Amino acid sequence: MISDLFQAKQKTTPTKPFVIAGPCSVETPEQLHETVSALYDRGIRVIRGGVWKPRTRPGSFEGVGAIALPWIQEVKLAFPIQFAVEVATAYHVEEALKAGIDILWIGARSTVNPFTVQEIAESLRGEEVPVLIKNPVNPDLSLWVGAVERIQRAGISQVAAVHRGFSNFRDKIHRNSPLWQIPIDFRTIFPEIPMLCDPSHISGKRDLVPNISQKALDLSFDGLLIESHINPDQAWSDAAQQLTPEDLAAMLNQLKSRKVHFEGEEKQLKLDEIRTQIDQADHDLLEAIHRRMILVEKIGEFKKLNNVAVLDMDRWKTILESRPQWASELSLNPSMIEEMFVLIHQESIKKQTEILDK
Ligand code: PEP
Ligand code: MN
């Protein structure tokens, strides 16, 4: 049940990941019943299903609409499950709550628009339903944070976040680039808010779903929101990324839940010891950068005195070639080191220019 998600947040050691699964869209009473039945048999107790679908282009399937709500009520009578539906307007909220929908979610195309989020927030005032908030389509952390604040200020206490990736240009692997640092930054702002991952919309194709799910667990996400359909290839929306209930169960079985904390003292001490050594290594790294910056100032003064230009392209070329090569010799990733030196070099030019202009 969804309350497990909010309670799990208080515990130190996560056991199994919390999972919400279900079709991208509710299509027919039969498709809904069969999908829920198959998921229920495999232990899923919280089901998702879109009723109103925000589609990028008009004319594609936009969800069956409010007629699906009685179908959901029926399936809830047949199975002891909770049901989550996407809402994008005050009308959706009103209809969903009237039909006894247990959980609402705000989709990526809504989170991006503060007017929409505010309208949803107003319609939720005085209600006690859990609300899941997907990240906005664009990689803007503030929009995501702002949406959470609007919903919280409307008095909703059970708010969870869903990482579903970000629209991209030229990412050939993902439908929506995961940009994992953004949900990590979100969690430093809201450590108490549970974070789910939606591997289906990040992947766009079912083969990639297990990999993204494991990555989310490795980053200690609190759970998964996954699309599953009784007959994925025939799905009316997002056919390529949905898993059969059978494949979903097999995948969940393969996932490894890794812990963040140890209850046993001894292992925790070992972990803390390695972290102390990492802190020391980082300190050494910063001191090395500090030493380099003092040399940058020294060379800046020298160039000023002798009327030498700040940038010597040949010298820069040598740096850009040699450092990644030295990195390879130390088994470091050369492209990471190249990026690092581009940053260091930018700072060096900035410092020397300041000295020259003084
Ligand atoms: C969905 O969950 O089916 C959906 C439309 O997702 P998103 O808002 O993440 O695109
Ligand atoms: Mn979908």
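**Exercise 1.** In this predicted model, find how the donor residues of the manganese ion (ligand 2) are spaced in sequence.

*Solution.* Step 1: the spacing reads C-x176-H-x25-E-x10-D. Step 2: put residues to the letters; the protein donors are Cys24 (SG), His201 (NE2), Glu227 (OE) and Asp238 (OD). Step 3: check the distances; these donors lie 2.0 to 2.4 Å from the manganese ion.

**Exercise 2.** Locate His201 and Asp238 in the chain, then decide whether His201 is buried or exposed and whether Asp238 is buried or exposed.

*Solution.* Step 1: His201 sits in helix α9 (residues 199-203), while Asp238 belongs to the loop between β8 (223-227) and α11 (245-254). Step 2: the two are 37 residues apart, and the pair links distant parts of the chain. Step 3: buried means under 20% relative accessible area. Step 4: His201 has a value of 8%, so His201 is buried. Asp238 has 15%, so Asp238 is buried too.

**Exercise 3.** Describe how strand β6 (residues 159-163) is covered and which strands pair with it.

*Solution.* Step 1: count the buried residues of β6; they are 5 of 5. Step 2: sort them by face. Val159, Ala161 and His163 are on one side, Ala160 and Val162 on the other. Step 3: take strand β5 (residues 131-134), which pairs with β6 in the parallel sense over 4 bridges; Lys134 has Val162 as its bridge partner. Step 4: take strand β7 (residues 195-197), which runs parallel to β6 and is joined to it by 3 bridges; here Ala161 stands opposite Met195.

**Exercise 4.** Trace the connections on either side of β6 and give their handedness.

*Solution.* Step 1: β5, helix α7 (residues 141-153) and β6 form a right-handed β-α-β unit. Step 2: from β6 the chain passes through helix α8 (residues 181-189) to β7, in a β-α-β crossover that is right-handed.

Notes
Residues are numbered from 1 along each chain as its sequence is written. Chains are lettered from A and ligands numbered from 1 in the order in which they are written. This is a predicted model: local features need pLDDT of at least 70, side-chain atom pairs count only at pLDDT 80 or more; totals for chains, interfaces and linings use all residues. Side-chain values use heavy atoms; hydrogens and water are left out. Donors are N, O and S atoms within 2.8 Å of the metal (3.2 Å for Na, K and Ca); water is not among the atoms, so sites may look incomplete. Buried means under 20% relative accessible area, exposed over 50%, partly exposed in between (1.4 Å probe, protein chains only). Two strands pair if DSSP finds at least two bridges between them. A crossover is right-handed if, with the strands pointing away from the viewer, the path from the first strand over the helix to the second runs clockwise.
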